[in-house]
Amino acid sequence: MGALPVFRWRLAPDGYATRRQLRARGLRPGGQDVAAQLERPRRRRGPLVAYLYRVEKAKPVRPMTPAKWAALAKANAARRTCPTCGRDAGYVIPTSLGMCVTCAYPNECAA
């Protein structure tokens with residue numbers, strides 16, 4: 001395998017897309033190798049790099065099954081449940097606190 005073609009930021013030819021651009025079109029790379037890369041120069045640091053894939057080789061995104069939806073809902077519920085009081089906080093528990101804001105700051109929330 002030879003070196004990847006490198007394009008400057010915003011100057012990639014048609015037919016190439018990043019993962020995010022593929023996803024916006026309802027596509028996924030589908031096992032293909034990286035076809036090219038974009039480089040955005042920066043001062044005092046190395047360039048930002050984005051990998052590009054061929055659009056014609058991309059495959060459709062797999063649809064969510066009911067089991068996947070259920071697993072995702074269960075995972076999100078676990079992220080909202082406070083380990084200290086066991087209640088659904090209504091928001092994702094901050095990892096910096098490890099508990100809901102009410103349990104982390106009981107004096108300020110009681111007022």
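Is E56 buried or exposed in this predicted model? At 54% relative accessibility, E56 counts as exposed. The legends below start with this residue and its partner, then move on to other corners of the structure.

**Close-up 1. R54 and E56 are joined by a salt bridge.** The closest N and O atoms of this pair are 2.9 Å apart. The two partners differ in how open they are: R54 is partly exposed, with 21% relative accessibility, whereas E56 is exposed at 54%. The cut-off for exposed is over 50%, so E56, at 54%, falls in that class. Side chains of opposite charge can pair when their charged atoms come close. If you are wondering how many such pairs to look for, the count comes to 2 salt bridges.

**Close-up 2. R80 and D88 form a salt bridge too.** Here the closest N and O atoms lie 3.4 Å apart. Both ends of this pair have some access to the surface: R80 is partly exposed at 26% relative accessibility, and D88 is partly exposed at 48%. Since exposed begins over 50%, D88 at 48% stays in the partly exposed class.

**Close-up 3. Four arginines make up a positive surface patch.** The members are R10, R40, R42 and R45. Take R10 to begin with: this residue sits in the loop between β1 and β2 and is exposed, with 74% relative accessibility. The backbone of R10 deserves a look as well, for its phi is positive, about 70°, although R10 is not a glycine. R42 belongs to another loop, the one between β4 (36-40) and β5 (48-54). With a relative accessible area of 32%, R42 is partly exposed. Patch members need over 30% relative accessible area, so R42 meets that requirement with its 32%.

**Close-up 4. R44 is a non-glycine residue with a positive phi.** The angle is about 65°. You will find R44 in the loop between β4 and β5. R44 is exposed, and its relative accessible area is 87%.

**Close-up 5. Q37 is a buried residue of strand β4.** Its relative accessibility is 13%, and because buried means under 20%, Q37 is placed in that class. Which residues surround Q37, once its neighbours within four places in sequence are left aside? The contacts are L4, P5, V6 and F7, together with V49, A50, Y51 and L52. One of these partners, L4, is 33 residues away from Q37 in sequence, yet the two C-alpha atoms are 6.9 Å apart in space.

**Close-up 6. A3 lies in the segment before β1 (6-8).** A3 is exposed, with 79% relative accessibility. Follow the chain from A3 to A36 and you cover 33 residues; in space, the C-alpha atoms of these two are 8.9 Å apart.

**Close-up 7. T18 is a buried loop residue.** Its loop runs between β2 (16-17) and α1 (19-24). What is the relative accessibility of T18? The value is 16%, and buried means under 20%, which means that T18 counts as buried. Leaving aside neighbours within four places in sequence, T18 is in contact with A50, Y51 and L52. These three residues also appear among the contacts of Q37, so it is handy to keep Close-up 5 at hand while looking at this view.

**Close-up 8. A nonpolar patch on the surface brings together M64, W69 and L72.** Together these residues offer about 310 Å² of accessible area. M64 is found in the loop between β6 (59-60) and α2 (66-80). M64 is partly exposed, with a relative accessible area of 38%.

**Close-up 9. M99 is a partly exposed residue in the loop between α2 and α3 (101-104).** Its relative accessibility is 24%. Beyond its neighbours within four places in sequence, M99 is in contact with C82, P83, T84, I93, P94 and A104. G86 makes a helpful landmark in this view: M99 and G86 are 13 residues apart along the chain, and their C-alpha atoms are separated by 9.5 Å.

Technical notes. Residues numbered from 1 in each chain as written. Predicted model: local features only at pLDDT ≥ 70, side-chain atom pairs only at ≥ 80, totals over all residues. Heavy atoms only, no water. Patch = residues over 30% accessible without salt bridge, like charges linked within 9 Å, V, L, I, M, F, W, Y side chains within 5 Å. Areas by Shrake-Rupley, 256 points an atom, 1.4 Å probe, with all protein chains shown as cover. Salt bridge = Lys/Arg side-chain N within 4 Å of Asp/Glu carboxyl O. Lys, Arg positive; Asp, Glu negative; His and termini not counted. Charge placed at Lys NZ, Arg CZ, Asp CG, Glu CD. Helix = DSSP H or I, 4+ residues; strand = E, 2+ residues; numbered from the N terminus. Buried < 20%, exposed > 50% of the residue type's maximum accessible area, 1.4 Å probe, protein only. Contact = heavy atoms within 4.5 Å.
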